[in-house]
Amino acid sequence: MDYKGNKVVQLIDGGTMYDIKIDFDSGVVIRLQDKKMAPIMHLQDNVIYTDEKRKSAIVFDEKFALSGDIDEGNLVYAQPMSIWHMPKNKALFFEVAKNACTSVLSRIYETNWQRWWSPRISAKNLIWPITLKYKGYYKHKMLITKTEYYQRVDEFAEYTKFLIYDDPLKRFLRMANNKYISHDVIASNIQPPYGKNPNDYIDKLLLAIKLDTLNSYFWDQHIVPITLSGKDYLEDLTDICYLKDLDSFMLEKFGMTLKRYNVMPSEKKIFTVESLLPRQIERIKELYKEDYELPQKYKEKFYKPSNKG
């Protein structure tokens, strides 16, 4: 993509808004409030790298821009894919945020750790603190870190290792509705209060996803593609379950029935496929391209419900 001339956009940096001018001809980015400048060292697609080693980036569109460091200091709420231990079931659950993970975790916790849990009980009883001030997981023995997973890989060799999959566009819409309506922070940059134009919010999310996919180490788990956060585990999985088949899968594999949490009524939803702009849908499909390819690439791993009864 060739850019010429200049464009003025709003840069979102840690929740603060700045007006910046991207001068493609002069090769600089100028913060208009104080005239501070950064060089355009590399320009690729809609990404500006401001240092030679491509460690700092600005992702932009026609109206907004996000900035981030492309290394281990990238996102404030950096979260790798979580792995949850089910010792009684000889299984590991690889969490994909916004794919019914709360419903599954509540049942895993009750069945394997003899303690009832839901997202609505007091903080002292939570698997992990949800309140933003904690900024992290409570260390409970059902959560397996990546390091521990590889240390115990022989122990887990015969385990069922499963992940829940859904159409990436549907997952994106669940995330967007949840975060927009609850006014939660997403990707560290995009913070409430949100503007009155919902489509602006979608555009900011798309920039955040692009920034995430540039980074090999950290990301926001709610928007990150499965093929990034789960790239180290996909080959290890024994089962991938479509969200639509989840009740059947959990009952057949583990004898568990689920109670659904965080299901948003249709009348409360701000974002639907129909509300998105065509260019936004196209961009979502581009950003999640590899996730869309998972059903074909791992066809043999996908769960097929039995037709019994």
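Of the 309 residues in the protein chain, buried residues make up 50%. I should say at once that this is a predicted model. The protein chain exposes about 16000 Å², and carbon and sulfur atoms supply 50% of that area. As for secondary structure, the chain contains nine helices and 13 strands. Among contacts between residues at least 6 apart in sequence, 61% join residues at least 24 apart.

Let me turn to the interior. In soluble globular proteins, nonpolar side chains tend to be buried together. Here, the largest nonpolar core has 33 residues. Those with the most contacts inside this core are Phe-172, Ile-186, Ile-190, Tyr-201, Ile-202, Leu-205 and Ile-223. Which elements give two or more residues to this core? They are the strands β6 (47–49), β7 (56–60) and β8, together with the helices α3 (168–182), α4 (198–213) and α7 (278–287). Helix α4 gives the most, with eight residues.

Tyr-201 deserves a closer look. Leaving aside neighbours within four places in sequence, Tyr-201 is in contact with Ala-176, Lys-179, Tyr-180, Ile-186, Ile-190, Tyr-194 and Phe-271. Apart from the core just described lies another, of 24 residues, and among them are Met-142, Leu-143, Leu-258 and Tyr-303.

Strand β8 (residues 64–69), one of the elements that give two or more residues to the largest core, also contains Ser-67. Is Ser-67 buried or exposed? Its relative accessibility is 17%, and the cut-off for buried is under 20%, so Ser-67 counts as buried. Beyond its neighbours within four places in sequence, Ser-67 is in contact with Leu-11, Ile-12, Asp-13, Ala-57, Ile-58, Asn-189 and Leu-211.

Next, the sheet. Five strands form an open sheet in the order β11-β9-β10-β12-β13, with mixed pairing. Strands β11 (143–144) and β13 stand at the edges with a single partner strand each, so one side of each is left without a neighbour in the sheet. Strand β9 (residues 83–86) runs antiparallel to β11, and two bridges join them. Within that arrangement, Trp-84 stands opposite Leu-143 in β11. Leu-143 is also among the residues of the 24-residue core. Helix α1 (residues 101–113) lies across β9, β10 (91–94) and β12 (160–165), and runs at about 35° to β9.

I now come to the charged residues. The structure holds 17 salt bridges. One of them joins the side chains of Lys-146 and Asp-232, at 2.5 Å from N to O. Why does this pair tie together parts that are 86 residues apart in sequence? Lys-146 lies in helix α2 (residues 146–151), whereas Asp-232 lies in the loop between α5 (226–229) and β13 (239–242), so the pair spans that separation. Both partners are partly exposed: Lys-146 has a relative accessibility of 42%, and Asp-232 has a relative accessible area of 32%.

Two further pairs show other combinations of burial. Lys-179 forms a salt bridge with Asp-184, the closest N and O atoms being 3.8 Å apart. Lys-179 counts as buried, at 8% relative accessibility, and Asp-184 counts as partly exposed, at 24%. Lys-179 is also one of the residues in contact with Tyr-201. In the other pair, the side chains of Asp-245 and Lys-244 meet at 3.3 Å, N to O. Asp-245 is buried, with a relative accessible area of 11%, while Lys-244 counts as exposed, at 67%. In addition, Asp-45, Lys-210, Arg-283 and Glu-286 are linked in a network of salt bridges.

Finally, some remarks on backbone geometry. Most residues other than glycine have a negative phi, and most peptide bonds are trans. Where does this model contain a cis peptide bond? Such a bond joins Pro-192 and Pro-193, with omega about 0°, and Pro-193 lies in the loop between α3 and α4.

Positive phi values occur at Arg-54 and at Ala-100. Arg-54, with a phi of about 60°, is found in the loop between β6 and β7. Arg-54 is partly exposed, with a relative accessible area of 35%. Ala-100, whose phi is near 60°, is found in the loop between β10 and α1. At 18% relative accessibility, Ala-100 counts as buried.

Conventions. Residues numbered from 1 in each chain as written. Predicted model: local features only at pLDDT ≥ 70, side-chain atom pairs only at ≥ 80, totals over all residues. Heavy atoms only, no water. Helix = DSSP H or I, 4+ residues; strand = E, 2+ residues; numbered from the N terminus. Buried < 20%, exposed > 50% of the residue type's maximum accessible area, 1.4 Å probe, protein only. Contact = heavy atoms within 4.5 Å. Areas by Shrake-Rupley, 256 points an atom, 1.4 Å probe, with all protein chains shown as cover. Salt bridge = Lys/Arg side-chain N within 4 Å of Asp/Glu carboxyl O. Pairing = 2+ DSSP bridges. Axes fitted to C-alpha atoms, helices over the stretch in contact; angles between N-to-C directions. Core = buried A, V, L, I, M, F, W, Y, C linked by side-chain atoms within 4.5 Å.
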